[in-house]
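This report describes a predicted model, beginning with contacts between charges and rings and then turning to aromatic pairs, the overall form of one chain and the confidence of the prediction.

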Amino acid sequence: MKYQEEFRDAHLVQGVIQEIRRTVTRKWVIMEICGGQTHSIMRYGLDELLPPEVELVHGPGCPVCVTSLELIDKALAIAAQPNVILTSYGDMLRVPGSHRDLFSVRAAGGQVKVVYSSLDAVKLAQENPDKQVVFFGIGFETTAPNNAMTVMQAKALGLKNYSMLVSQVRVPPAMHAILGAPHNRVQGFLAAGHVCAVMGYWEYPPIAKQYGIPMVVTGFEPLDLVQGILMTVRQLETGRCDVENAYSRVVSQQGNVAAQKIINTVYEECDRNWRGIGMIPNSGWRLNAAYADFDAEKRFQVGHIQTQESSACIAGQILQGLKKPFDCPAFGTLCSPEKPLGATMVSSEGACAAYYRYHRSRLTVDEPGAV
Amino acid sequence: MSNSPLPPTFEGPVCPLPLAHDEQIVIGHGSGGRMTHDLIRKVFLPRLAGDALRAGNDFARLGLPTDAALRGRLAISTDSHIVTPLFFPGGDIGRLAICGTVNDVSMSGATPLYITAGFILEEGLPVAELERVVASMRTAADEAGVQIVAGDTKVVEKGKADRLFINTAGVGWISQERAIGGEQARPGDVVLVSGTLGDHGIAVLAARGELGFETGVESDVAPLNGLIANVLRAAPNTHVLRDPTRGGLATTLNEIAGQSSVSIWLDEKAIPVQPAVQAACEMLGFDPLYVANEGKLIVIAPAEEAGAALAAMRAHPYGANAAQVGTVRASDPGRVLVKTLIGGTRILDMLAGEMLPRIC
Amino acid sequence: MCLAVPGKILEIYQSNGLRMCKIDFGGVTREACIETLPEAQPGDYTIIHAGFALNLLSEAEAKETLDLLREIGEFDLEQELGPEAGPEG
């Protein structure tokens with residue numbers, strides 16, 4: 001496909017990696033906050049090709065992983081109610097709540113449907129007027145317009161049987177939380193390319209300045225990732241802390257203004273609990289007063305939820321880049337993608353799941369890559 | 001004097017509304033009585049009949065090849081088929097059922113000979129659809145050169161089955177000493193595939209319509225015994241034959257690596273995938289290496305016979321896009337690894353659970 | 001968060017009050033919402049995330065990026081092999 005193959009060119013990727021090798025003179029810790037970028041790095045085996053001075057750490061960039069346990073338990077309780085169809089993006093089905101997941105709710109007779117697009121949930125509501133259709137609206141800023149448009153559409157169509165369980169999270173407050181933490185090791189950021197396609201990157205210069213951290217808006221293909229890393233390393237080596245754009249074919253500084261307008265029409269900022277990290281102020285969005293009728297938390301009385309996280313899980317430290325998955329004693333033993341204990345093993349973009357699936361660290365013998 | 005009519009004759013209780021029930025399967029079709037016999041006579045026999053079925057027994061008396069008394073072994077396999085929708089681009093549940101079992105039996109190096117087919121029909125299934133499925137089974141069986149020799153039909157109430165389930169069992173004959181199996185892969189062996197991966201899974205997913213995408217991709221469902229025979233003629237010391245069905249190439253190679261206690265190393269850029277299958281997988285966040293195939297073959301052969309095996313596949317209609325995709329090593333037993341497009345390495349694990357579209 | 005793939009806009013229409021289009025991903029087509037791209041035209045390329053367009057793809061920027069990265073690769077090659085060596089064929 002055009003705009004894909006060119007950015008997977010092995011020759012070009014190797015060329016940029018060579019340049020990173022030439023540029024780097026000491027160790028640097030660079031974080032990406034985007035599940036899609038974590039996945040891409042692991043799936044292409046990129047981290048092993050980088051010079052050892054560059055350490056990539058993976059931030060809390062997976063909206064599935066950071067959705068609070070309480071919200072997941074609420075979703076499970078709603079899905080189990082008769083006459084409710086819970087709709088969700090595929091990633092969410094495997095997420096364990098305190099005691100079960102959506103798969104087991106489905107097996108017990110609850111109606112749970114995977115949708116590719118949030119608009120399919122609205123269609124389902126139109127086709128099933130006798131059922132309440134609830135959409136589990138998770139996501140970072142990238143997905144916010146998608147989810148918001150469903151409530152706009154439902155309101156315009158006068159639908160009484162559609163509502164959304166909102167779990168929207170925002171990147172800038174997460175950056176503050178990570179960079180402001182006492183033991184922060186992160187020295188440079190790869191900013192999430194598709195978040196920035198929607199929001200632009202006008203929010204980042206104050207953060208870069210406040211903490212003295214360079215940031216480079218980065219895409220997802222191997223060539224995009226090494227370019228973003230190169231630009232970050234060049235800034236680090238010369239002591240700069242600017243915001244640069246390595247994904248200019250999709251991202252502009254102001255972002256997609258129409259999308260931001262939709263976000264501002266439907267949402268307002270709120271505090272959010274990030275699974276594994278805790279409460280980050282103003283780090284989320286919720287439906288504002290004009291759309292509050294469509295808030296599933298208000299529509300369904302699911303009662304007091306007692307959440308229970310596994311005591312063995314160190315997801316919080318992994319999400320902040322303080323520990324690696326193989327630092328965790330439960331990694332690969334008690335905790336695996338089939339039976340995840342916590343946030344980061346849950347979705348295929350969680351750092352633990354990505355390491356488990358792809359990483360050479362699980363090999364006993366280190367063999368060269370030639371086939 | 002009265003001309004009273006003759007008393008009616010009774011053979012037993014009859015349906016007060018003797019509708020023909022020609023168009024839809026109803027519970028009575030599974031009763032074992034007249035309606036069942038009618039169904040067999042009208043739908044199954046015309047399409048499937050050979051001597052064994054026409055004899056009308058509950059068993060088939062079958063012969064084995066004439067050298068059976070001297071040497072050789074039976075291969076036997078069974079499978080159940082529950083695919084939705086029943087008809088999809090490139091095939092249907094009937095073709096899938098026959099090819100699936102023919103292929104399973106053939107993976108031992110056996111010549112497949114006889115197939116049985118058991119049907120579980122849901123009340124309300126249109127008979128016309130059943131007829132189409134059965135006709136397709138006959139076509140597939142003829143192509144594979146096997147006979148359908150025994151069958152069974154049951155009907156369940158509406159809601160108790162997803163329209164139609166088929167179970168098949170197949171019997172074949174391994175006429176010479178062959179050591180072919182998942183445990184036979186050896187370090188130094190070469191891994192070949194017979195063509196493009198992921199076609200069937202994507203075709204069926206598109207046909208289901210739940211994810212809303214359209215594509216011209218067709219299922220690759222096909223009987224592979226002819227292709228296998230050609231490969232074994234060219235490469236008689238082939239170690240492993242397997243078809244990467246559910247779970248895709250990744251899962252199947254993991255099984256083999258585990259059985260043989262070896263590692264398998266793949267070269268990502270050598271693996272053939274149709275552009276449309278690649279595009280569908282990109283859109284959904286799927287990996288084509290995990291998507292099901294129903295007409296593809298994995299061959300693991302000693303290096304010195306790999307070239308001949310590959311040429312034999314490419315010369316056959318079902319192996320036109322055959323390619324060498326990897327090698328077998330002694331280190332890290334049980335692991336499958338991939339050299340990625342950009343020269344990195346990643347582990348290729350078995351498929352954990354259901355593949356789901358993702359947003360991350 | 002951000003699985004999004006490039007696709008070409010084929011035709012544009014209204015559906016249920018939103019601006020929609022048919023997207024070609026290269027042998028696979030699907031409906032997608034381009035409500036946030038009021039200026040998009042058939043033939044344009046865009047990035048699609050879960051059935052919605054994020055932004056238009058700029059061919060000019062893509063080319064500039066690739067040219068820049070090619071230069072980096074060639075520069076490195078010259079450093080290793082000396083200025084007489086041409087780009088790897």
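## Charges over rings

In chain A, the charged end of Arg249(A) sits over the ring of Phe7(A), 3.5 Å from its centre. Here a charge sits over a ring if NZ of Lys or CZ of Arg is within 6 Å of the ring centre and within 35 degrees of the ring normal. The charged end of Arg26(A) likewise sits over the ring of Trp28(A), at 3.8 Å from the ring centre.

## Basis of the model

The model is predicted: local features need pLDDT of at least 70, side-chain atom pairs count only at pLDDT 80 or more, and totals for chains, interfaces and linings use all residues. Residues are numbered from 1 along each chain as its sequence is written, chains are lettered from A and ligands numbered from 1 in the order in which they are written, and side-chain values use heavy atoms, with hydrogens and water left out.

## Aromatic pairs

Over all chains, the structure holds 8 aromatic pairs (rings of Phe, Tyr and Trp, the last by its six-membered ring, with centres within 6.5 Å; planes under 30 degrees apart count as stacked, over 60 as edge-to-face and the rest as tilted). One of them joins Tyr3(A) and Tyr45(C) edge-to-face, at 5.3 Å centre to centre and 70° between the planes. This pair crosses between chains, from the segment before α1 (10–23) of chain A to strand β4 (residues 45–49) of chain C (helices, H or I, of at least four residues and strands, E, of at least two are DSSP runs, numbered from the N terminus). Tyr3(A) is buried at 5% relative accessibility (buried means under 20% relative accessible area, exposed over 50%, partly exposed in between; 1.4 Å probe, protein chains only). Tyr45(C) is also buried, at 17%.

In chain B, the rings of Phe44(B) and Phe119(B) have centres 4.8 Å apart and planes at 50°, so the pair is tilted. Because Phe44(B) lies in helix α1 (residues 34–48) and Phe119(B) in strand β4 (residues 111–122), the pair ties together parts that are 75 residues apart in sequence. Phe44(B) is buried at 7% relative accessible area, and Phe119(B) is buried at 3%.

## Chain A as a whole

Chain A has 17 helices and 11 strands. Its C-alpha trace spans about 65 × 45 × 45 Å along the principal axes. Of its 371 residues, 64% count as buried.

## Confidence

The model scores ipTM 0.91 and pTM 0.90. For chain C, the mean pLDDT (the predictor's confidence in each residue, from 0 to 100) is 88, and 82% of its residues reach 70 or more.
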